[in-house]
Number of protein chains: 2
Amino acid sequence: MANNLHDVAYDLEKAIRNSEEYQTLTDAYKAVNEDEMAKKMFDNFRNLQMTLQQKQMSGETITEEEAQQAQQQVQVIQQHEAISKLMASEQRMSMLINDLNNIITKPLEDLYGKPEDLM
Amino acid sequence: MANNLHDVAYDLEKAIRNSEEYQTLTDAYKAVNEDEMAKKMFDNFRNLQMTLQQKQMSGETITEEEAQQAQQQVQVIQQHEAISKLMASEQRMSMLINDLNNIITKPLEDLYGKPEDLM
Ligand SMILES: [Ca+2]
Ligand SMILES: [Ca+2]
């Protein structure tokens, strides 16, 4: 049974890899990474996002200046076509993965209730 | 393609549900929940675990007394056969889910590096 389970997981991996969502994401990711300026802008944006997220998680206050800076970066970044394509493909991919997760965590949810209760 | 993807995810859900790991977990979970005292002991233990985890995550110090209390509860609880079976089945299930996750997150890992980088 364990073998069959892993086989099905590998089938799912392959289906994800062949999905239009993943192909589009891969292309968008490559386009940004091959464009030096786009990559730099995007990396800066991601770093700022992560810094702010970590601050929030550790209970630190995000200053108004930081919030404005993040907001401005989003606006600037979304005007860059390759970056805005990448962000859109990441969002689609993340929705797809979320969908798949909801399906495969259903057995545990049936047992324990909502997934967050499991942790 | 999206349809095929979801079909494969449903296949995986079914395979998880039919797995020996899930069947054993379901039985162990029922056994504890049908035994009023075991359920109470286990719920207390889980609550203490969660309280300590939340303390840790919010950067609070866990007192020596609390650490000892948790340690003692683990020892007491593991002597209860139904509870120790449940804990062992949860561990097996969690290893299985971890395995499956490693397989299906491989495409994203190929793109972004380690999964923790994605968040
Ligand atoms: Ca629950
Ligand atoms: Ca990375």
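Is B:Lys39 buried, exposed or partly exposed, and what is its relative accessible area? I looked this up before anything else, keeping in mind that the model is predicted. B:Lys39 comes out partly exposed, with a relative accessible area of 31%.

**Entry: the B:Lys39 pair**

I then checked what B:Lys39 pairs with. It forms a salt bridge with B:Asp43, and the closest N and O atoms are 2.7 Å apart. Both residues sit in helix α3 (residues 36-57) of chain B, 4 residues apart, so about one helical turn separates them. I reminded myself that an α-helix has 3.6 residues a turn, so residues three or four places apart point the same way. B:Asp43 is also partly exposed, at 32% relative accessibility.

**Entry: from α3 to α4 in chain B**

Next I looked at B:Glu66, whose side chain meets that of B:Lys55 in a salt bridge at 2.9 Å, N to O. This pair links distant parts of the chain, with B:Glu66 in helix α4 of chain B and B:Lys55 in helix α3 of chain B, 11 residues apart. I had to check the burial of B:Glu66 against the cut-off: its relative accessible area is 18%, and buried means under 20%. B:Glu66 therefore goes down as buried.

While in helix α4 (residues 64-78) of chain B, I stopped at B:Ala70. Its relative accessibility is 18%, so B:Ala70 counts as buried. I also noted its distance to B:Leu48: the two are 22 residues apart in sequence, yet 7.0 Å apart in space, C-alpha to C-alpha.

**Entry: A:Asp110 and a network across chains**

Over in chain A, I found A:Asp110 in a salt bridge with A:Lys106, with 3.0 Å between the closest N and O atoms. The two share helix α6 (residues 106-112) of chain A and lie 4 residues apart, about one turn of the helix. A:Asp110 is partly exposed at 42% relative accessible area, and A:Lys106 is partly exposed at 36%.

Which residues are linked in a network of salt bridges with B:Lys106 and B:Asp110? I wrote down A:Glu13 and A:Arg17, so the network holds residues of chain A and of chain B. Over all chains I have a count of 18 salt bridges.

**Entry: the α2 helices**

I checked the span of helix α2 (residues 20-33) in chain A. Its 14 residues reach 20 Å from the first C-alpha to the last, close to the 20 Å expected at 1.5 Å a residue. For helix α2 (residues 20-33) of chain B, the 14 residues should span 20 Å, and the end C-alpha atoms are 20 Å apart, which agrees.

I listed the buried residues too. In α2(A) they are A:Glu21, A:Tyr22, A:Leu25, A:Thr26, A:Ala28, A:Tyr29 and A:Val32. In α2(B) I have B:Glu21, B:Tyr22, B:Leu25, B:Thr26, B:Ala28 and B:Val32 as buried.

**Entry: the negative patch**

Which residues form the negative surface patch? I get A:Asp7, A:Asp11, B:Asp7 and B:Asp11. Helix α1 (2-18) of chain A and helix α1 (2-18) of chain B each supply at least two residues of this patch. I looked closer at B:Asp11, which is found in helix α1 of chain B. B:Asp11 is partly exposed, with a relative accessible area of 40%. Patch members need over 30% relative accessible area and no salt bridge, and the 40% of B:Asp11 fits the area part of that rule.

Definitions and conventions:
Residues are numbered from 1 along each chain as its sequence is written. Chains are lettered from A and ligands numbered from 1 in the order in which they are written. This is a predicted model: local features need pLDDT of at least 70, side-chain atom pairs count only at pLDDT 80 or more; totals for chains, interfaces and linings use all residues. Side-chain values use heavy atoms; hydrogens and water are left out. Patches are made of residues with over 30% relative accessible area and no salt bridge: like charges are joined within 9 Å, nonpolar side chains (Val, Leu, Ile, Met, Phe, Trp, Tyr) within 5 Å. Accessible areas come from the Shrake-Rupley method with a 1.4 Å probe; for residues, only the protein chains shown count as cover. A salt bridge is a side-chain nitrogen of Lys or Arg within 4 Å of a carboxyl oxygen of Asp or Glu. Lys and Arg count as positive and Asp and Glu as negative; His and the chain ends are not counted. The place of a charge is taken as NZ of Lys, CZ of Arg, CG of Asp or CD of Glu. Buried means under 20% relative accessible area, exposed over 50%, partly exposed in between (1.4 Å probe, protein chains only). The expected span of a helix is 1.5 Å times one less than its number of residues.
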